[in-house]
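I opened my notebook to follow how the strands of this model are arranged, one pairing at a time. These are my entries, in the order in which I looked things up.

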Amino acid sequence: MVVTFLGTSHGITEKNTFCSSAVVSVGGAHYIVDVGAPIDTLLQNYDIPFSGLRGIFITHPHQDHYVGLAPFTFTMEDFGRFENVSVPVLAPAGIDFSALNVFLFGDPRGHERYRTENPPPYRVRFSVYPDAPAEGATVFDDGILRVTAYPVKHCPHSHAFLLEAEGKRIVFTGDLSRDLSDYPRVATETPVDLVVTEAAHGRLSEPGTVAILAKTRAPRLVISHRHPARNPLSEVEALAAKLAPAIEVIAAHDGMVLNV
Ligand SMILES: [Zn+2]
């Protein structure tokens, strides 16, 4: 698997960096975790073809994790150049996609009307995955990639994701509670190849946070969705010093590519 970080900041956007969005590529199949960034432009910047998109997964119903779906949906549905593309968006409860349709297409049924007036194949297909039980629930499996969701406590309907493909395992924690008390057990109780977590809410140098992150059973821990004031790079470096050499701590930046 190859992970391309399209956006890594906290909030909607900052100078020279976009909010969280990552592409996981398995060969020519591409999957996106969270859409806080304008992926319609960024996918093109990184030469990731829309026709290779197989799934988009949203961790929780906060705008900074799905706002980029608006320009993406408009681009996909309103121009003829993506007629051979169809991608499912799996979102948790709590996001009103009918409002997106009103905004983009001027009709609560806008998406459907567009589909009625424009024959298949359709392009962006929204569906809601149910709240996962503590032991996790598979929300997607296309034979290439399997996604298992685990509940976390950041906000109602928040989830962490385990992505499995090619015998490798990546955990995206999504946003967590400030004290990381809901850091997903799948990242600490089973070996994984990479964990991507957030640094938007608590400080990375808090002793309790360090103790929890030290339990990560992965050789690499990526810090993304970083609040620049709460967690300047010095906080990441302090955490890295504490977790070395067992765990390599990596501060994500836009455009970073990791092979897993
Ligand atoms: Zn967030």
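Entry one. I began with a single pair of residues, and I found that Leu-163 stands opposite Ile-170 in β12. I kept in mind throughout that I was reading a predicted model.

Entry two. I then looked up the strands around that pair, and saw that β11 and β12 (residues 168–172) run antiparallel and are joined by five bridges. Between the two strands of this hairpin lie two residues, and Glu-166 takes a positive phi near 55° there.

Entry three. I turned to the pairing of β11 with β10, where six bridges join β10 (residues 146–151) to β11 (residues 159–165), and these strands also run antiparallel. Here I met Leu-163 again, since Val-147 stands opposite this residue of β11. I also noted the partner of Thr-148, which is Leu-162 in β11.

Entry four. Is β11 enclosed by the rest of the structure or left open? I found that six of its seven residues are buried, so β11 is largely enclosed by the rest of the structure. I reminded myself that a residue is called buried here if 20 or more other C-beta atoms lie within 10 Å of its own.

Entry five. I stepped back to the whole sheet, which is open, has seven strands in the order β9-β10-β11-β12-β13-β14-β15, and shows mixed pairing. Why is one side of β9 and of β15 left without a neighbour in the sheet? Both β9 (137–141) and β15 (248–251) stand at the edges and have a single partner strand each, so one side of each remains without a neighbour in the sheet. From one strand to the next, I read an average twist of 20°. I then found helix α7 (residues 233–243) packing on this sheet, where the helix touches β14 (220–226) and β15, and its direction makes about 170° with that of β15.

Entry six. I looked up another open sheet of seven strands, with mixed pairing and the order β8-β7-β6-β5-β4-β1-β16. Its edge strands are β8 (124–128) and β16 (257–259), each of which pairs on one side only. Neighbouring strands of this sheet are turned against each other by 20° on average, with direction ignored.

Entry seven. I ended with one pairing inside that sheet, and noted that β6 (residues 53–57) and β7 (residues 87–91) pair in the parallel sense over two bridges. Within this pairing I traced Phe-57 across to its bridge partner in β7, which is Leu-90.

Notes:
Residues are numbered from 1 along each chain as its sequence is written. This is a predicted model: local features need pLDDT of at least 70, side-chain atom pairs count only at pLDDT 80 or more; totals for chains, interfaces and linings use all residues. Two strands pair if DSSP finds at least two bridges between them. Helices (H or I, at least four residues) and strands (E, at least two) are DSSP runs, numbered from the N terminus. Axes are lines fitted to C-alpha atoms, for helices over the stretch in contact, and angles run from 0 to 180 degrees between N-to-C directions. Two residues are in contact if their C-beta atoms, placed from the backbone, lie within 7 Å. A residue is buried if 20 or more other C-beta atoms lie within 10 Å of its own, exposed if 12 or fewer, and partly exposed in between; C-beta atoms are placed from the backbone.
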